[in-house]
There are 2 protein chains.
Amino acid sequence: MNFEAEEKKIGNLYATDLLPQNLENLDETRLFLQGFAQFLIQYIQDENNRDNKVLDFHQPSELLRKLDLKIPENPMNLSQLLQSCNEVLKYCVKTGHPRFFNQIPCGLDLISMAGEWLTATVNTNMFTYEVASVFILMEQEILRTMMNLIGWTPHEGDGIFTPGGSIANLYAMNSARYYGFPQIKSSGMSFMPKLCAFTSEDSHYSIKSAAAVCGIGTDNCFPIKTDEYGRMIPSALEQEIIRCKKEGFHPFFVCATAGTTVYGAFDPLNGIADVCEKYGLWLHVDAAWGGGLLLSPEYRHKLSGIERANSITWDPHKLMGVTLQCSACFIRHKDLLLKTNQMSADYLFQQDKCYDVRYDTGDKAMQCGRRNDVFKLWLMWRSKGMEGFRHQINRCIDLAKYFTNKIKNTKGFEMVDPHPEFLNICFWYVPESIRCLRPEEKYSLLSKVTPKIKAKMMERGTTMVSYQQDKHRPNFFRMIISNQATTRDDLDFLIEEIINIGKDLIMEHLEIA
Amino acid sequence: MNFEAEEKKIGNLYATDLLPQNLENLDETRLFLQGFAQFLIQYIQDENNRDNKVLDFHQPSELLRKLDLKIPENPMNLSQLLQSCNEVLKYCVKTGHPRFFNQIPCGLDLISMAGEWLTATVNTNMFTYEVASVFILMEQEILRTMMNLIGWTPHEGDGIFTPGGSIANLYAMNSARYYGFPQIKSSGMSFMPKLCAFTSEDSHYSIKSAAAVCGIGTDNCFPIKTDEYGRMIPSALEQEIIRCKKEGFHPFFVCATAGTTVYGAFDPLNGIADVCEKYGLWLHVDAAWGGGLLLSPEYRHKLSGIERANSITWDPHKLMGVTLQCSACFIRHKDLLLKTNQMSADYLFQQDKCYDVRYDTGDKAMQCGRRNDVFKLWLMWRSKGMEGFRHQINRCIDLAKYFTNKIKNTKGFEMVDPHPEFLNICFWYVPESIRCLRPEEKYSLLSKVTPKIKAKMMERGTTMVSYQQDKHRPNFFRMIISNQATTRDDLDFLIEEIINIGKDLIMEHLEIA
């Protein structure tokens, strides 16, 4: 709260006393916004202080009692608004804290954040060149830079920023369908052959979701077997394609994943591309998480073959650390995005404008109004250069190796995949008291131990890491290393915290069991 | 550019010299962000100064020559980054300028903008309560407040914030299909009866787009006739339903529009709801633009009957003036959003967490990661209270009446719809030299005159208003009054500017003709 001395009188003002309603109050407007920025800067400093908690957890009912969220009948003054913000910030999870490891996107890049501040201030809608001129050109430049990293020539493909990777996957599936069966756009799928798609059983659920939305059906999105740690088996894909064809399906879409959600596995893209070419199928690569590796000359080989894809999802808000949302979908067929999504709404996208209307992007989007998600990425990328991103990403990989090593060498920890190939490290903590049990007993207890440790961790608020089970294994932790703030000490801290919590919990837990 | 005196040395630093990478440089981080905020505040002040232009227009090729958009190999320092921002801001369209009337969302609400600054700073992903606790509760509170304004009881419906109104319409159509034909989610649409949907010929193109994406097909989304100024004719809807049924279609979805894009027309909701009830069809109301009128006791009658809808799209980033993006989709069937979109991805939405997982919203969204679009709306709403929004919206209507009156009484202007019912005012400017021509000659010239005036207006950069043609009428201007910064003088200015430009242009134009 930064309303002292002369700012006291600002606090008694109302929003309508500021710009744009009140042009007299330039100074007051400036003071309020400066104070607001100062208040956010303080939050950032606190978030980066390791003495502070990652979260102050409360059950929903409890938090509802603590907070006043109601919309009042009459306006609140500026001081009351800042008070409201203060309350909110107190309870919100510090996702930029160096010990926040809970999600694939972790951390806060300050240049990207500043970019978002500017984006909010200019409040631009990306649908036409006439209102978004600079940002349209910037979007083209960034999409070209990304396509170049993918390995496509500038004239080969097209791309668009989308609200998240799931919607990018939907764009891709819809484009693939249009490519193979353009008549579906106008005539629909009734009386059409039964289309089917393939994706690994470890892929993101948004592929199935896209099949549901598109009217293809989740049952017709066939899961392909993966190896022990989540990589699609190309021969299994081929067998499934053959089976489906025999049964009268029309296969049209294969999704390979570059960086799965749980294990961070990379499907063998060349092997899958070979199968797709053999059967004439569209290859989509969901590189939402792994795409950022293309920025690292040392590790981009994991995506080898990606240039053979027909479409790609790549979320800069994941590995690259851009603030939410920043996702892109690429299609390696010039004009296909436009043909797929175009509704030719002349009343919005007039063809007789005073500039080349091919710069208007509205008609190639599934949305109409579209947020400016490119500016923050552009500014952040300039702040790092190609070199800086390479360094940032390689540093994450180094930290992941350090953490893996540490887990392997710390008593009580067991790796789920002993050779993680990316930034997801999956492991169990096995409390001493159950280490000597038979495997099935141990595993049955671990399925309860892991959530208990997580619950206690949230209660203590010191760090946050995610957990889940998979088809064969009981609940395990999934560590993600993508937070630029994180150091080796923070990784050590997590390990010790788990030991401390696990130690206490288990006795009590075993008594119940 | 605010890097003077002591800030000089800040400018030579790089992003990696600040938080979170460098904890020593707290002061430098603070100074940089304060400087950045100051720089944005200056932009806001300039934007609100009527002596400054709305835009500095350049053709794409020209702008590309003026700007350096390339991503460098090496990082740029903080001073160079600010320089980049400066360049960008110079050429970007000032959408918050009091004389920007080009889009349905116009203007910049500073509290909403401050809310976006905070949103960017906390960088929260909305999919689970564990990371988004406060914002999940806030979203529920705001959705309830909005449902209450719609006229639904708190337990009647459900809602979700979506990335724009088009995606909200897609959510609605997908939910309607699930409601009527739940098996399509898993089995797809092949061999299914031919579903069809209905929407007015003046509705937004995203309804057709949703039909394309869903695999229903744009040809099976039948346009219903409207009256002269864009209101759907319920009897025409009924006839079309009967015809489709006879032809073997399965009608399932009707979209009524509350506030059309061009004329701002309100479809007669009760009449349409009667037809929907008679034939057992899902009624969706696309109130993306008009929904905000629910906040005005004086004008909410225009949406009378909206409470009978099965689903509703309402974009607070339109009439309410929230910064982009802020859209919501409401479904009047508890649990239907969840059932429609749920993919039960246990690896993300674990069921054995330490809190009531019904607070996790991830499984009822079409997206996985989801941006926090509610905070800025909540903060802005608190800054106004119910009373302030009522005032803001009524003020827009008053300005629209003033402008309509002025257009009617200014020589050379002709109304397209003489009785606009909302904030869209459609009109022609007819230069003196062609006023006495026969109607067909006059109209043929107007189709060229309007874009010419718009082009010149952009070149002068003094104001911006949109134009389009419709099925019967040549290019006309579509004025939108939704900018909180706008006063009567700004409306007078637009009229005079059009006269000035039109006067000069026409002679030259007629010579060509």
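Are Trp381(B) and Phe389(B) buried or exposed? In this predicted model, both Trp381(B) and Phe389(B) turn out to be buried. The two rings also pair up edge-to-face, with 5.7 Å from centre to centre and 85° between the planes. Phe389(B) is one of several contacts of Trp381(B) from beyond four places in sequence, and these also include Ile142(B), Met146(B), Leu149(B) and Met320(B). One residue on that contact list, Ile71(A), comes from the other chain.

Trp381 stands out again when the nonpolar core is considered. The largest core holds 327 residues, and within it Trp381(A) and Trp381(B) touch the most other members. The biggest contribution to this core, 16 residues, comes from helix H13 of chain A, which covers residues 375-408. A separate core of 64 residues lies apart from it, with Tyr171(A), Ile184(A), Cys329(A) and Ala211(B) among its members. As a general point, nonpolar side chains tend to be buried together in soluble globular proteins.

How are the two chains arranged? A turn of 180° and a shift of 0.0 Å along the axis lay chain A on chain B, with an RMSD of 0.0 Å. That is just what a two-fold axis does. The copies meet through the same surface, because 100% of the interface residues of chain A are interface residues in chain B too.

Aromatic rings get together quite often here: the whole structure has 49 aromatic pairs over all chains. Take Phe36(B) and Phe39(B), a tilted pair with 5.9 Å between centres and 55° between planes. These two sit three residues apart in helix H2 (residues 26-47) of chain B, so about one helical turn separates them. Both Phe36(B) and Phe39(B) are buried. Over in chain A, ring pairs tie Tyr229(A), Tyr263(A), Trp428(A), Tyr443(A) and Phe476(A) into a cluster.

Rings also have charged company. Arg99(A) lies over the face of Phe493(A), 3.9 Å from the ring centre. Likewise, Lys384(A) places its charged end over the ring of Phe389(A), at 5.6 Å from the centre.

What about disulfides? A search of the whole structure finds zero of them over all chains. For Cys214(A), the closest cysteine sulfur belongs to Cys214(B), but at 7.8 Å that is too far for a bond. Cys244(A) has its closest cysteine sulfur at 4.1 Å, in Cys196(A), and this is also too far, since a disulfide needs the sulfur atoms within 2.5 Å. Cys214(A) is buried, with a relative accessible area of 0%, and Cys244(A) counts as buried at 0% as well.

Methods: Residues are numbered from 1 along each chain as its sequence is written. Chains are lettered from A and ligands numbered from 1 in the order in which they are written. This is a predicted model: local features need pLDDT of at least 70, side-chain atom pairs count only at pLDDT 80 or more; totals for chains, interfaces and linings use all residues. Side-chain values use heavy atoms; hydrogens and water are left out. A nonpolar core is a set of buried Ala, Val, Leu, Ile, Met, Phe, Trp, Tyr and Cys residues joined through side-chain atoms within 4.5 Å. Buried means under 20% relative accessible area, exposed over 50%, partly exposed in between (1.4 Å probe, protein chains only). Helices (H or I, at least four residues) and strands (E, at least two) are DSSP runs, numbered from the N terminus. Contact means heavy atoms within 4.5 Å. Copies are superposed by least squares on the C-alpha atoms of residues with pLDDT of at least 70 in both. Rings of Phe, Tyr and Trp (its six-membered ring) pair if their centres lie within 6.5 Å; planes under 30 degrees apart count as stacked, over 60 as edge-to-face and the rest as tilted. A charge sits over a ring if NZ of Lys or CZ of Arg is within 6 Å of the ring centre and within 35 degrees of the ring normal.
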